[in-house]
Amino acid sequence: IIKPIAKSKEAEFYLASQFHRDYASNYQALSELKQKIENEPGNTIFNPQRILNVTNGPATGIIALHELMKYSDDYNPLTLEAYCLGNPEMTNKAKALLSKYRMKRTEKPLVAEEKSGGHSSWTNFLNKAPFLPKSDNDVSTRRTLYDLIILEHALVSNEKDYTIDVSKNVKRYLPLLSPKG
């Protein structure tokens, strides 16, 4: 079980010791998903438009997805959201890392990125975990349904109640997946 970092100094240790492992596992899983979808009958193209990354790390799933899709001319998601568990310093690390990636292959930084101090202006970092509204009438709390949800070390937080924890978290995030997601 990888617990969310509690102290800001731990974010640097996480990047040094676990980022590469998390990146590799995310890239591998996304690559296999892309291959599976594109091998389905009807020549389906893997091109998620609404993406959520819930993570203990610095949005490594989004970074891996960008690397996987960087040569795809059609890859330009409408919604990119990340929720970093634990200390807010991990969100700061994620913003810094994601500032290196462009949505389209350009040689020049986007104006919005320059104004935001190099932080990614196209990834929305959530302050709390996403949820579905209790009713369709509650427009103020309506959330996006996502085509792709990447849960990095976010399904288990309690090893004593492992199966209950996984079940609870799957039930929490699965309703946020769009019907064809």
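Modeller: Let me start with what an element is: helices are DSSP runs of H or I with at least four residues, strands are DSSP runs of E with at least two, and both are numbered from the N terminus. Keep in mind that this is a predicted model. On that footing, the chain comes to 5 helices and 4 strands, in the order α-β-α-β-α-α-β-β-α along the sequence.

Colleague: What makes the place of Gln49 a loop?

Modeller: Helix H1 covers 8-38 and strand E1 covers 50-55. Gln49 sits in the loop between H1 and E1, and a loop residue is one that belongs to neither kind of DSSP run.

Colleague: What does Gln49 touch, not counting residues up to four places away in sequence?

Modeller: Its partners are Asp74, Asn76, Pro77, Leu78, Thr79 and Asp147. Each of those counts because some heavy atoms come within 4.5 Å. Gln49 and Tyr75 are 26 residues apart along the chain, with their C-alpha atoms separated by 8.0 Å.

Colleague: Asn47 is in that loop between H1 and E1 too. Why is Asn47 called partly exposed?

Modeller: Its relative accessibility is 23%. Buried means under 20% and exposed means over 50%, so a value in between is partly exposed. That is where Asn47 lands. Leaving aside neighbours within four places, Asn47 is in contact with Met69, Asp74, Tyr75 and Asn76. Its C-alpha is 9.8 Å from that of Ile37, 10 residues away along the chain.

Colleague: And what makes Gln18 count as partly exposed?

Modeller: Gln18 also has 23% relative accessibility, so the verdict is partly exposed. Gln18 is found in helix H1, and its C-alpha is 8.5 Å from that of Gly57, 39 residues away in sequence.

Colleague: How do you know that Ala59 is buried?

Modeller: Its relative accessible area is 0%. The cut-off is under 20%, so Ala59 qualifies as buried. Ala59 lies in the loop between E1 and H2, and it has a positive phi of about 55 degrees although it is not a glycine. Over the chain, 37% of the 181 residues count as buried.

Colleague: Why do you say that the buried residues of H5 line one face?

Modeller: The buried ones are Asp165, Asn169 and Tyr173. Looking down the axis of H5, they fall within an arc of 50 degrees, so they line one face of the helix. They pack against E1 and E4. On the other side, Thr163, Ile164, Lys168 and Lys171 are exposed.

Colleague: What makes the reach of H5 close to the expected one?

Modeller: H5 has 12 residues, and at 1.5 Å a residue the expected reach is 16 Å. From first C-alpha to last, H5 reaches 17 Å.

Colleague: Which residues of H3 are buried, and why do they count as one face?

Modeller: In H3 (88-98) they are Met90, Thr91, Lys93, Ala94 and Leu98. Seen down the axis, they fall within an arc of 160 degrees, so they line one face of the helix. Among the elements covering them are H1, H2 (60-69), E2 (79-84) and E3 (124-125).

Colleague: How do you know how much space lies in the largest pocket?

Modeller: Rolling a probe the size of a water molecule over the atoms shows where empty space is left. In the largest pocket that comes to about 400 Å³.

Colleague: What lines the largest pocket?

Modeller: There are 19 lining residues, and Ile37, Asp147, Leu148, Lys180 and Gly181 lie nearest its centre. The elements giving two or more residues to the lining are H1, E4 (148-152) and H5 (162-173). By class, the lining has 12 nonpolar, 4 polar and 3 charged residues. Gly181 goes with the polar ones, because Gly is put in that class by definition.

Colleague: What share of the contacts with a separation of 6 or more joins residues 24 or more positions apart?

Modeller: For this chain, 72%.

Key
Residues numbered from 1 in each chain as written. Predicted model: local features only at pLDDT ≥ 70, side-chain atom pairs only at ≥ 80, totals over all residues. Heavy atoms only, no water. 1 Å grid on protein atoms, 1.4 Å probe; cavity = no way out; pocket = protein on both sides within 12 Å on 5 of 7 lines; lining within 4 Å. Points joined across faces, edges and corners; volume = space filled by probe spheres on them. Expected span 1.5 Å × (residues − 1). Buried < 20%, exposed > 50% of the residue type's maximum accessible area, 1.4 Å probe, protein only. Arc of directions from axis to C-beta.
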